[in-house]
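Here is a short set of questions and answers on one protein chain. Keep the structure open as you read.

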Amino acid sequence: MSFVQIQCTRCKVMFRDRAMRLQDGYSRQCPSCEVVLFFAEDSMHPFVKRAMRNARKVRKEQREAEAVRRAAPEPRLARSRSFAGRTQSAERED
Ligand SMILES: [Zn+2]
């Protein structure tokens, strides 16, 4: 799960939220001063703008990583199966 840094527009505390949630129209409370922050694409506040820009970037990177995974599936399954086999035979020897 990917997180992005958000800075509260009131008390300036830094906290993190999931990039997937941080989209136009999202709102959440600051964990420190409990002010409700609104995240809009047309927000004029630099902290909100920065958080949304970071969230967009993270989501884009996630999409690209997923596309790569789907296009070229790693032989991870085969490898974990051979590990499991080795573990099983070791157990049988005991
Ligand atoms: Zn705050």
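Contact means heavy atoms within 4.5 Å. The model is predicted.

Q: In what order do the elements of the protein chain run from the N terminus on?
A: The protein chain has 2 helices and 4 strands. The strands come before the helices along the chain. Written from the N terminus, the order is β-β-β-β-α-α.

Q: What share of the residues in the protein chain is buried?
A: Buried means under 20% relative accessible area. The protein chain has 94 residues. Of these, the buried share is 21%.

Q: How much of the exposed area do carbon and sulfur atoms supply?
A: The protein chain exposes about 7,200 Å². Carbon and sulfur atoms supply part of that area, and their share is 51%.

Q: Which element gives the most residues to the largest nonpolar core?
A: This core has 15 residues, and Val4, Ile6, Phe15, Leu22, Leu37 and Phe39 have the most contacts inside it. Strand S1 (3-7), strand S4 (36-39) and helix H1 (46-71) each give two or more residues to the core. The top giver, with 5 residues, is H1.

Q: Against which strands do the buried residues of H1 pack?
A: Start with the buried residues themselves. In H1 they are Phe47, Val48, Ala51, Met52, Ala55, Val58 and Arg59. These buried residues pack against S1 and S4.

Q: What distance does H1 reach from its first C-alpha to its last?
A: H1 has 26 residues. At 1.5 Å a residue, the expected span is 38 Å. The model comes close to that, with 37 Å.

Q: Is aspartate 17 buried or exposed?
A: Aspartate 17 sits in strand S2 (residues 14-18). The cut-off for a buried residue is under 20% relative accessible area. Aspartate 17 has 3% relative accessibility, so it counts as buried.

Q: Which side chains make polar contacts with the side chain of aspartate 17?
A: One polar contact, of 3.2 Å, joins aspartate 17 to the side chain of arginine 21. Another, of 3.3 Å, joins aspartate 17 to the side chain of arginine 28. The two partners are therefore, by the 3.5 Å limit for a polar contact, arginine 21 and arginine 28.

Q: Which residues does leucine 37 touch, not counting those up to four places away in sequence?
A: Leucine 37 is among the residues with the most contacts inside the largest nonpolar core. Beyond four places in sequence, leucine 37 touches Ile6, Cys8, Thr9, Phe15, Tyr26, Ser27 and Arg28.

Note on methods: Residues are numbered from 1 along each chain as its sequence is written. This is a predicted model: local features need pLDDT of at least 70, side-chain atom pairs count only at pLDDT 80 or more; totals for chains, interfaces and linings use all residues. Side-chain values use heavy atoms; hydrogens and water are left out. Buried means under 20% relative accessible area, exposed over 50%, partly exposed in between (1.4 Å probe, protein chains only). Accessible areas come from the Shrake-Rupley method with a 1.4 Å probe; for residues, only the protein chains shown count as cover. A nonpolar core is a set of buried Ala, Val, Leu, Ile, Met, Phe, Trp, Tyr and Cys residues joined through side-chain atoms within 4.5 Å. A polar contact is a pair of N or O atoms within 3.5 Å; within protein, one must be able to donate a hydrogen and the other to accept it, and residues adjacent in sequence count only if both atoms are side-chain atoms. The expected span of a helix is 1.5 Å times one less than its number of residues.
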